[in-house]
Amino acid sequence: MLKVLIPTIMLFPTIWLTSPKWLWTTTTAHSLLIASISLTWLKWTSETGWTSSNMYLAKGPLLTPLLVLTCWLLPLMILASQNHINPEPISRERLYITLLALLQTFLIMAFGATEIIMFYIMFEATLIPTLIIITRWGNQTERLNAGTYFLFYTLAGSLPLLVALLLLQQSTGTLSMLVLQYSQPLQLNSWGHMFWWAGCLIAFLVKMPLYGVHLWLPKAHVEAPVAGSMVLAAVLLKLGGYGMMRMMVMLDPLSKELAYPFIILALWGIIMTGSICLRQTDLKSLIAYSSVSHMGLVAGGILIQTPWGFSGAIILMIAHGLVSSALFCLANTAYERTHSRTMILARGLQVIFPLTAVWWFIANLANLALPPLPNLMGELMIITTLFNWSPWTILLTGLGTLITAGYSLYMFLMSQRGPTPNHIMGLQPFHTREHLLMTLHLIPVILLVTKPELMWGWCY
Amino acid sequence: MNPYRRATLLCSVGLGTTLTFASSHWLLAWMGLEINTLAITPLMAQHHHPRAVEATTKYFLTQATAAAMILFASTTNAWMTGEWSINDLSNPIASTMFMAALALKIGLAPMHFWMPEVLQGLDLLTGLILSTWQKLAPLALIIQTAQTIDPLLLTLLGISSTLVGGWGGLNQTQLRKILAYSSIAHMGWMIIVIQYAPQLTLIALGTYIIMTSAAFLTLKMSLTTKISTLATTWSKSPILTSTTALVLLSLGGLPPLTGFMPKWLILQELTKQDLPIIATAMALTALISLYFYLRLLYAMTLTISPNMINSTTPWRTQTTQTSLPLALFTTAALGLLPMAPAILMLTT
């Protein structure tokens with residue numbers, strides 16, 4: 001773990017001391033090196049549980065895929081931001097990359113934490129760099145509102161979580177996940193305990209986001225610059241999922257009844273946000289709502305608390321992270337050329353950008369969960385386990401799959417097919433950097449088809 | 001002001017507080033508080049501006065009222081129990097009056113109304129002394145008598161202070177008033193835990209002094225008193241805008257900055273004492289204050305305001321103010337959270 005954490009911390013002097021000519025090359029190369037080192041974590045030495053050389057930071061089948069995704073994403077974020085940050089003064093460029101590296105450090109420490117309070121502090125700590133990235137480097141006036149919504153929704157959920165964790169510490173004496181997995185099941189039988197149950201989960205449900213408390217997400221994703229959108233969609237939402245998976249272990253048997261409203265909200269959210277996607281005019285907003293839809297499925301899978309549910313949730317989280325980030329990169333390429341997110345302004349692109357049309361195609365197919373891509377694996381496992389829990393859910397999840405296919409195809413057809421309007425005939429061709437970015441997103445998705453054991457957690 | 005006069009007055013302010021620290025007799029404590037008030041009055045009015053004189057008058061009246069109430073309460077206690085010692089405060093009437101008087105002295109809600117107006121009339125350095133040093137003597141007395149005061153009163157004072165501190169600051173554009181409401185809110189956090197773990201009150205006070213000093217010294221360095229002038233500080237000192245942004249988030253209590261430490265420890269103590277609802281309520285009221293800190297953050301750092309700026313490079317000229325205290329306080333306001341075990345050990 002330190003093999004990756006210390007180089008990430010040493011990125012800060014690297015960023016500030018490199019000469020301006022080599023800044024982007026150096027940071028991309030170093031973060032790519034760190035990402036390759038993190039790939040070595042994928043060979044784990046024990047079947048279940050944690051692998052750790054110390055008591056405070058550990059890796060295991062549940063969180064290693066998320067850690068690798070986080071490390072993999074930093075070079076991609078730096079690659080994606082190169083174009084729009086380059087015109088700024090050099091110290092602001094350094095500051096931007098510092099914020100990305102800071103976010104990376106906090107995320108590694110959050111995912112690797114074995115003590116729940118450490119996870120909580122790092123979970124909250126990721127808010128500050130993200131807030132600064134969204135509000136300082138976003139492009140429209142709405143970014144201020146977006147930052148406020150983002151910060152306050154997340155904090156309103158996580159402050160009760162802090163109190164709930166302190167209550168847990170008081171009753172069990174420890175908050176180390178290594179110890180808590182062996183503790184006695186808690187006697188949860190009163191109204192107060194029900195509030196405690198809710199307090200434990202609301203923070204993660206807001207972060208995921210669950211349908212009723214999802215309003216921060218479209219604002220934050222749309223107003224953030226591309227690196228902000230990427231990291232939000234790919235990793236920060238997964239913090240919520242990961243936190244929920246860790247906390248659910250301790251929350252039985254109350255979860256059998258109390259999870260009902262949240263599962264219903266999650267499933268209904270899939271349909272509602274999917275339908276909203278079909279009516280969006282803003283490309284990034286469409287991808288943001290599609291994120292809510294997929295994460296609703298993940299939330300449903302986790303709240304069910306079955307082995308297939310958890311496995312499906314992790315697989316869908318990893319696959320959705322890569323694909324959603326890829327879609328945001330593609331949307332950003334359109335934005336950088338037309339300076340607008342409106343979909344009808346950047347349509348019929350297949351004629352002028354043929355290779356990019358391939359990336360759009362693959363990303364949209366992955367988004368709609370085409371077999372054999374891992375998105376389908378995850379969705380199918382979650383849909384199956386929900387069907388096992390209650391057969392009626394197939395109506396909602398099946399309809400949701402249909403609507404997902406609908407808006408993914410809509411996105412593809414709107415942006416790529418159809419007549420190319422005259423005003424975009426003269427757009428700049430795609431850079432190699434952008435093609436590299438897209439391959440680095442999509443090749444892992446395709447490769448994961450061949451070895452899904454890397455992703456599916458402890459349940460197999 | 002004549003430097004000799006200023007030195008004498010500052011030493012008297014220090015003497016008053018130290019006298020109160022060292023006292024075990026209520027009359028000596030009262031005398032220390034009065035010396036403190038009398039000495040700071042000319043310091044507050046030194047600029048002879050009508051607004052400053054008004055602030056001084058308000059401050060003097062409220063503090064004198066509080067001191068008179070302390071005198072009255074101590075004589076009541078002496079009459080009822082025959083004891084003048086600070087630690088032996090057994091009469092409930094006397095102890096409640098003491099708490100009300102000391103709450104008036106430090107500006108706890110609902111006795112907070114003087115605080116924003118007084119702070120607004122002062123210059124920034126005197127305002128800093130008012131927010132930090134002047135709280136020490138009354139808090140010392142409160143810590144010593146906390147065990148005998150009605151727990152309900154302390155809890156009510158705490159919660160209403162955090163609520164008032166949050167809501168009152170929401171409509172302000174003057175920075176000194178915002179810092180006054182922030183002071184009220186932080187005092188609320190300090191009072192709520194005083195009956196359970198006084199060392200956490202000291203930690204909260206220590207971190208509050210560090211963060212407030214960083215905030216006041218930043219405003220003094222960039223000579224801003226309103227949000228609209230705050231928006232142009234990026235041209236005066238760009239690094240200051242970045243670090244003050246983090247100081248503001250620290251005041252709001254966001255991890256992993258120092259301001260999170262007292263909130264975390266206080267919430268932990270409250271949950272240990274089986275008061276999770278009060279803990280949740282306090283935590284959520286901190287969100288209200290965070291809103292106006294966030295507004296300051298937006299104005300100062302995250303947006304470039306469309307104000308008319310005559311030149312964009314005033315940062316090239318060196319400032320004549322000393323920057324070492326600001327640097328120290330800012331660093332401490334940002335990085336002390338990992339040292340929480342050491343700080344806990346120091347204060348236990």
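Helices here are DSSP runs of H or I with at least four residues, numbered from the N terminus. The model is predicted: local features need pLDDT of at least 70, side-chain atom pairs count only at pLDDT 80 or more, and totals for chains, interfaces and linings use all residues. Residues are numbered from 1 along each chain as its sequence is written, chains are lettered from A in the order in which they are written, and side-chain values use heavy atoms, without hydrogens and water.

**Salt bridges**

A salt bridge is a side-chain nitrogen of Lys or Arg within 4 Å of a carboxyl oxygen of Asp or Glu. Over all chains, the search finds six of them. Three are set out below.

| Pair | Closest N to O distance |
|---|---|
| A:Arg337 and A:Glu434 | 2.9 Å |
| A:Glu434 and A:Arg433 | 3.7 Å |
| B:Lys58 and B:Glu54 | 2.8 Å |

Start with chain B. B:Lys58 and B:Glu54 are four residues apart in helix 3 (residues 50–81) of chain B, so about one helical turn separates them. An α-helix has 3.6 residues a turn, so residues three or four places apart point the same way. How open are these two side chains? Three classes are used: buried (under 20% relative accessible area), exposed (over 50%) and partly exposed (in between), with a 1.4 Å probe and protein chains only. B:Lys58 is partly exposed, at 26%. B:Glu54 is partly exposed too, at 35%.

In chain A, shared partners join A:Arg337, A:Arg433 and A:Glu434 into one network. A:Glu434 is buried, with a relative accessible area of 3%. A:Arg433 is buried at 15%. A:Arg337 is also buried. A:Arg337 sits in helix 14 of chain A and A:Glu434 in helix 18 of chain A, so this pair ties together parts that are 97 residues apart in sequence.

**Helix 18 of chain A**

Helix 18 of chain A covers residues 432–450. The expected span of a helix is 1.5 Å times one less than its number of residues. For these 19 residues that gives 27 Å, and the end C-alpha atoms are 27 Å apart, which agrees. Its buried residues include A:His435, A:Leu437, A:Met438 and A:Pro444. What covers them includes helix 3 (64–85), helix 14 (307–338) and helix 16 (374–389) of chain A.

Helix 16 of chain A holds A:Thr385. A:Thr385 counts as buried, at 5% relative accessibility. Contact means heavy atoms within 4.5 Å. Beyond its neighbours within four places in sequence, A:Thr385 is in contact with A:Ile304, A:Thr306, A:Trp308 and A:Gly309.

**Where the chains meet**

27 residues of chain A are in contact with 28 residues of chain B. Buried area is the accessible area (1.4 Å probe) that two parts lose on being put together, summed over both. Here it is about 2,400 Å², and carbon and sulfur atoms give 82%. On the chain A side, A:Ile128, A:Phe152 and A:Leu166 lose the most area, together 22% of what that side buries. The rule finds zero salt bridges across this interface. Which helix of chain A gives the most to the side that touches chain B? Helix 7 of chain A does, with 16 residues.

**Inside chain B**

An automatic or database assignment sets the domain bounds. It gives chain B domain 1 (1–125) and domain 2 (150–307 + 323–347). Their C-alpha centres lie 24 Å apart. The two domains bury about 1,800 Å² between them, 77% of it on carbon and sulfur atoms. Again, the rule finds zero salt bridges across the domain interface.

Definitions and conventions: Helices (H or I, at least four residues) and strands (E, at least two) are DSSP runs, numbered from the N terminus.
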